[in-house]
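Ready for a short tour? Keep your viewer open, and select each stop as we reach it.

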Amino acid sequence: MQKPRNSYKDSSFADFYDLIIERLGRGRWDSEAVRLLAKKFGDPILEIGCGTGLKLLPLAKTGYITVGLDNSSEMLRVFQEKLETYDSRVKKRVCTILGEMTNPLVNQKHFRLIILPGSQFLHLCSSEERLSCLQSIYQMLDDNGVVYIANSNLAEKPVYDWVDQAGKAEGNWILQARRALNNGAYQEDFRITSRIDTAIEYLFCWRLYPIEDIQMRSLLDEANLQCITTPSDLPQRLNSNIYLCQKAT
Ligand SMILES: C[S@@+](CC[C@H](N)C(=O)[O-])C[C@H]1O[C@@H](n2cnc3c(N)ncnc32)[C@H](O)[C@@H]1O
């Protein structure tokens, strides 16, 4: 299998990340789901693959103690820049850690809620990496805590030509996207062009590795994590497999 090719460690990509998510119209459902889960299960909350803090910052603002782990110092830089604009009480509720999903060196246990809501689990490309991540989650979870993982089932058909992603925003930047299946991986490419000077152009991408539901359940089982019924008021997410798990009894 080809090595992952993601732009997360690129500083320009990190600066454009929130714009890309907003224009693609992704993330709103996840934000609503994690807000509801935080209300039900409480804190401390850990997000693995927290990126620029799109999920954690609103939770910290609401009053929850949050920890974000990511292996991109550039995504965490943007997270910290955003955090700087919040008041000191919010700042005290947020901790970011540079680290790997497969071996998260988080000096804290007993998380009431661990979240991987934005398909970040699909960046892992082998069963060994996935199991290592799930076993680490088990170690960090409180006995009464839950882990929430949302894996896109990547049902969207490949679109090989560039398509404008207008979103709501006008702004100075044009975003175009295309997606392709490439050796079993699902790659999304992004082209961002300046409206003011069309010679200014950025190319980025991320790559996701699909996991069959049956395979995911077997890995959860192996990691001693047991799926529980999702709350009836959890918003339904189209084209995704949702796993809400606690430690197996
Ligand atoms: C799709 S983004 C999600 C960001 C954020 N959770 C959100 O909802 O906007 C995936 C994030 O996972 C991080 N990531 C990818 N592979 C990782 C790994 N092996 N260990 C830690 N973080 C990783 C990336 O740097 C990126 O910030």
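Start by selecting valine 147, which stands opposite cysteine 245 in strand E11. Strands here (E, at least two residues) and helices (H or I, at least four residues) are DSSP runs, numbered from the N terminus. Before moving on, know that this is a predicted model, in which local features need pLDDT of at least 70, side-chain atom pairs count only at pLDDT 80 or more, and totals for chains, interfaces and linings use all residues. Residues are numbered from 1 along each chain as its sequence is written, and side-chain values use heavy atoms, with hydrogens and water left out.

**Stop 1: strand E5 and its partners**

Now show E5 and E11 together: they run antiparallel and are joined by 6 bridges. Two strands count as paired if DSSP finds at least two bridges between them. Next add strand E4 (residues 111-116), which runs parallel to E5 and is joined to it by 5 bridges. Within E4, pick leucine 113, and you will find valine 146 of E5 opposite.

How many residues of E5 are buried? The count is 10 of 12, so-called buried residues having under 20% relative accessible area (exposed is over 50%, partly exposed in between; 1.4 Å probe, protein chains only).

Add helix H6, and you have E4, H6 and E5, a right-handed β-α-β unit. Right-handed means that, with the strands pointing away from the viewer, the path from the first strand over the helix to the second runs clockwise.

**Stop 2: serine 240**

Select serine 240 in E11. With 13% relative accessibility, this serine counts as buried. Serine 240 touches Asn151, Ser152 and Asn153, leaving aside residues up to four places away in sequence; contact means heavy atoms within 4.5 Å.

**Stop 3: helix H7**

Select residues 213-222, helix H7, and colour its buried residues: Met216, Leu219 and Leu220. Looking down the axis of H7, you see them fall within an arc of 100°, so they line one face of the helix. That arc is taken from the directions from the helix axis to the C-beta atoms. The buried residues of H7 pack against H6 (127-140), E5 (141-152), strand E10 (225-227) and E11 (240-247). On the face turned away from the buried side are the exposed residues Ile214, Asp221 and Glu222. Just after H7, asparagine 224 has a positive phi of about 70°.

**Stop 4: the ligand**

Finally, select the ligand: 18 residues surround it, each with a heavy atom within 4 Å. Among the closest is Glu47, where an N or O atom in the side chain lies 2.6 Å from a ligand nitrogen atom.

Key. A polar contact is a pair of N or O atoms within 3.5 Å; within protein, one must be able to donate a hydrogen and the other to accept it, and residues adjacent in sequence count only if both atoms are side-chain atoms.
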